[in-house]
Amino acid sequence: MKKKNAILFVFGKKVKEERQKLGYTQEEFSEKIDIGTEFMSRIERGIGVPSFETLIKLSKTLNISLDELINADFDEKSKSTNKKDDLANQIQHLISDLNDKQKKHIINIIKEAKKLFK
């Protein structure tokens, strides 16, 4: 994963975690910060890049500083500590736009691949 993509992915994960802590759905939250639900989804998946204005709205609505929101534990120590979670999140990110049938197919492929490693 390229560094820019990794940063956006970690940022999006932080936004999603904080939104969920406050109990907002994506739709409710996107209305509060005046962006579309699809763009909110793209931000949380690490593929949408918010404008500076949207960053400020995110920060204020989530009630966290821009520094906390942007840094989102993206340092070398946390990367190595959370490597297993990061890999799982990368897989989740890769399949997030697939339908259920496609996701089940990917799961079956992973199960078969695991058998090869035993």
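Let's start with helix H8, which covers residues 100-116. Its 17 residues, at 1.5 Å a residue, should span 24 Å, and the C-alpha atoms at its ends lie 25 Å apart, so expectation and model agree. Do keep in mind that this is a predicted model. At the start of H8 there is a contact to look at: a side-chain oxygen of Asn99 comes to within 3.1 Å of the backbone nitrogen of Lys101.

Stepping back, what is the rest of the chain made of? The chain has eight helices and zero strands, so to speak an α-α-α-α-α-α-α-α run from the N terminus on. The chain has 118 residues, and 28% of them are buried. If you take contacts between residues at least 6 apart in sequence, 56% of them join residues at least 24 apart. The accessible surface comes to about 8600 Å², with 53% of that belonging to carbon and sulfur atoms.

Now, the inside. Which residues make up the largest nonpolar core? There are 12 in all: Phe11, Val15, Phe29, Ile33, Ile35, Met40, Ile43, Leu55, Leu58, Leu62, Ile64 and Leu69. Helix H1 (3-21), H3 and H4 are the elements that give two or more residues to this core, and H4 provides the largest share, three residues. For background, nonpolar side chains in soluble globular proteins tend to be buried together.

Let me pick out a core member, Ile35. Setting aside residues up to four places away in sequence, Ile35 touches Ser30, Met40, Ile43 and Thr54. Two of these names, Met40 and Ile43, are also on the core list.

Phe29 is another core residue, and it brings us to the aromatics. How many aromatic pairs are there? The count comes to one. The partners are Tyr24 and Phe29, a tilted pair with 5.7 Å centre to centre and 50° between the planes. What about their exposure? Phe29 is buried, with a relative accessible area of 0%, whereas Tyr24 has 24% relative accessibility and counts as partly exposed, because buried means under 20%.

Back to H4 for a moment, as Ser59 sits in that helix. Is Ser59 buried or exposed? At 9% relative accessibility, Ser59 counts as buried. Leaving out neighbours within four places in sequence, Ser59 is in contact with Ile64, Ser65, Leu66 and Leu69. Ile64 and Leu69 belong to the core we just went through. Ser59 and Ile33 are 26 residues apart in sequence, and their C-alpha atoms are 10.0 Å apart in space.

Last topic: backbone angles in the loops. Which residue in the loop between helix H2 (26-32) and helix H3 (37-44) should we look at? That would be Asp34, which is not a glycine and still has a positive phi of about 60°. Asp34 is exposed, at a relative accessible area of 62%.

Then there is Asn63, in the loop between helix H4 (52-62) and helix H5 (66-71). Asn63 has a positive phi of about 60° too, although it is not a glycine. Its relative accessible area is 68%, so Asn63 is exposed. In the sequence, Asn63 falls between two residues of the core, Leu62 and Ile64.

That's my tour, from H8 through the core to the loops. Happy to go back to any of these spots on the screen!

How values were computed. Residues numbered from 1 in each chain as written. Predicted model: local features only at pLDDT ≥ 70, side-chain atom pairs only at ≥ 80, totals over all residues. Heavy atoms only, no water. Helix = DSSP H or I, 4+ residues; strand = E, 2+ residues; numbered from the N terminus. Buried < 20%, exposed > 50% of the residue type's maximum accessible area, 1.4 Å probe, protein only. Contact = heavy atoms within 4.5 Å. Areas by Shrake-Rupley, 256 points an atom, 1.4 Å probe, with all protein chains shown as cover. Expected span 1.5 Å × (residues − 1). Polar contact = N/O pair within 3.5 Å; in protein donor to acceptor, adjacent residues only side chain to side chain. Phe/Tyr/Trp six-rings, centres within 6.5 Å; stacked < 30°, edge-to-face > 60°. Core = buried A, V, L, I, M, F, W, Y, C linked by side-chain atoms within 4.5 Å.
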